[in-house]
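Subject: Structure for your review

Dear colleague,

Please find below the structure that I would like to hand over to you. A description of what was found in it follows.

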Amino acid sequence: MSDTWQLCTSCGSEIPESDPHPRCPRCRGLLEVRHRPPAQGGAALRATFDARWGVRQGVLASGVWRYREAVLPSAPPQDVLCYPEGNTPLLTSPAVARWAGPTGLLLKHEGHNPTGSFKDRGMTVGVTQARRIGARAVACASTGNTAAALAAYAALGGLPALVLVPKGHVALGKLAQALAYGARTLLVRGNFDQCLELADQASDRLGVYLLNSVNPFRLEGQKTIVLELLQQLAWQPPDWIVVPAGNLGNTAAFGKALAEACEWGLIDRVPRLAAVQAEGAAPFALSFREGFARRHRVEPHTVATAIQIGNPVSYDRAVRAVRDTKGVVIAVTDDEILEAKAVVDGAGIGCEPASAAAIAGTRRLGRDGVIKAGERVVAILTGHVLKDPASVTYYHMERDPAPPHANRPVEIDPHLDDVERAMKR
Ligand code: F0G
């Protein structure tokens, strides 16, 4: 075996890094990428990452490939396909912190990635791997953001892309991106879970490389959200990382990143993970309440279409992440999500509805006494405000009665008096 290989988390088979199957070829279980721990110790590895901080050109300028030892060390720089991505800001906002509870709340804004969501971090690795194994085409099912990222990176790498999205349940910005970047886009009359099943089967029959978060290389890229925020905090871990949860790829990736960071000596303490679902799409939260005694499936309904998922594929991996980090899983209502979003948006930061679930969840956990006063919290804003413009206009212009943070536009005739009257109101 080389320094990186794939391990089936169901049957324990070890398969080479270059194997093109998105699942275990023996039992169809979920695969995990394993790396031999880097020879250098934690302090030296931190120094290596810190020395690359501020690199402006080439692969190491990417906030994913800066951590290449933890991502895909065997990929030669000339084979890597990157924009670059990552390098997203860790923001403070007194207004958001006041609403959510924890003073000093930090917001890791993944909406600042090239296609406007954290998916770019996984996709740079996934499409790089697709090219290394000689894939003819790439495919995914998506609630929108994965499709946008896949379409962009595939176009960048000159690979045909196929995306399957649930018709009528994809935010406009995301659908526009998939079309604009040239992916063959299938509007499936069904939900996301059905799209994923179909993409899985199609990838088998058509021989295209599946790049959903089933694919373990995607998760290697998404780990860098955690590595980058730890580096931004000078490798002093926060007490909590709060993340919205749908298909559970991020929850799983975060757990793996933290386990490796601890094992490799990058940090000496593991933060607790809080995974936040929308109440109408909360199979993972249901299982958590029962001590993960059984896996749930639901018919999902939420305004946060990105996390409108009823049968999350990375369930087993995410259970491990929550257990390993003494984490929690909760669900928040659509009203809480929309109010949190209005607060984040109104602070000039902006995010899409699914991202706001992290802020609503932070507030709920503080009120329930799970997050204690004085604890350091980083919440992940997963996507950009422009991804879902309809959710913004609905909240501010259409909801009746007007919700607490509604910013109703005022229609006027083209007269100065009307402007003056509107300003005074
Ligand atoms: N936030 C946003 C903005 C997302 O797009 C997603 C997932 C999540 C949170 C949840 O992350 O699935 O790793 O638990 N979007 C996927 C997609 C499903 O197809 O774009 P997760």
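Phe 292 is buried, with a relative accessible area of 12%. Please bear in mind, here and throughout, that this is a predicted model.

**Aromatic rings**

Phe 292 forms an aromatic pair with Phe 288, with 5.8 Å from centre to centre and 70 degrees between the planes, which makes the pair edge-to-face. Phe 288, for its part, is partly exposed, because its relative accessibility is 25% and the term buried is kept for values under 20%.

A search of the whole structure finds seven aromatic pairs. One of them joins Phe 284 and Tyr 315: the ring centres are 5.9 Å apart and the planes stand at 85 degrees, so this pair is edge-to-face. Phe 284 belongs to helix 10 (residues 283-289) and Tyr 315 to helix 11 (residues 315-324); with these positions 31 residues apart, the pair links distant parts of the chain. Are these two residues buried or exposed? Phe 284 is buried, at a relative accessible area of 0%, and Tyr 315 also counts as buried, at 6% relative accessibility. Taken together, Phe 284, Phe 288, Phe 292 and Tyr 315 are linked by ring pairs into a cluster.

A further ring has a charged residue as its partner. Arg 363 lies over the face of Trp 99, at 4.0 Å from the ring centre.

**The ligand and its surroundings**

There are 19 residues around the ligand, and those that come nearest are Ser 142, Thr 143, Gly 246, Leu 248 and Thr 382. Which atoms lie 2.7 Å from an oxygen atom of the ligand? A polar side-chain atom of Ser 142 lies at that distance, and so does a polar backbone atom of Gly 246. In the side chain of Asn 145, an N or O atom is 2.8 Å from an oxygen atom of the ligand. The ligand taken alone exposes 470 Å², and the protein buries 98% of that area.

Leu 248, named above among the nearest residues, also has a notable backbone angle. Its phi is positive, at about 75 degrees, although Leu 248 is not a glycine. Leu 248 lies in the loop between strand 10 (240-244) and helix 9 (249-263), and it is buried, with a relative accessible area of 2%.

**The two sides of helix 1**

Helix 1 spans residues 42-52, and its buried residues include Gly 42, Leu 45, Phe 49 and Arg 52. Why do the buried residues line one face of the helix? Seen down the axis of helix 1, they fall within an arc of 90 degrees, so they line one face. An α-helix has 3.6 residues a turn, so residues three or four places apart point the same way. On the face of helix 1 turned away from the buried side are the exposed residues Ala 43 and Ala 51.

**Backbone features in the loops**

The loop between helix 2 (68-71) and strand 4 (90-92) contains Pro 84. Tyr 83 and Pro 84 are joined by a cis peptide bond, with omega about 20 degrees. Asn 87 is found in the loop between helix 2 and strand 4 as well. The phi of Asn 87 is near 55 degrees, a positive value in a residue other than glycine. Asn 87 counts as partly exposed, at 38% relative accessibility.

Another cis peptide bond joins Asp 400 and Pro 401, where omega is about 0 degrees. Pro 401 has its place in the loop between helix 14 (389-398) and helix 15 (416-424).

**Two separations across the structure**

Glu 110 sits in the loop between strand 5 (106-109) and helix 4 (119-132). Glu 110 is buried, with a relative accessible area of 0%. Between the C-alpha atoms of Glu 110 and Ala 274 there are 17 Å, while along the chain these residues are 164 residues apart.

Pro 94, by contrast, is exposed, with a relative accessible area of 60%, and its place is in helix 3 (residues 94-100). From C-alpha to C-alpha, Pro 94 and Val 298 are 37 Å apart in space, with their positions 204 residues apart in sequence.

Yours sincerely,

A colleague

Technical notes
Residues numbered from 1 in each chain as written. Predicted model: local features only at pLDDT ≥ 70, side-chain atom pairs only at ≥ 80, totals over all residues. Heavy atoms only, no water. Phe/Tyr/Trp six-rings, centres within 6.5 Å; stacked < 30°, edge-to-face > 60°. Helix = DSSP H or I, 4+ residues; strand = E, 2+ residues; numbered from the N terminus. Buried < 20%, exposed > 50% of the residue type's maximum accessible area, 1.4 Å probe, protein only. Lys NZ or Arg CZ within 6 Å of the ring centre and 35° of its normal. Near = heavy atom within 4 Å. Polar contact = N/O pair within 3.5 Å; in protein donor to acceptor, adjacent residues only side chain to side chain. Areas by Shrake-Rupley, 256 points an atom, 1.4 Å probe, with all protein chains shown as cover. Arc of directions from axis to C-beta.
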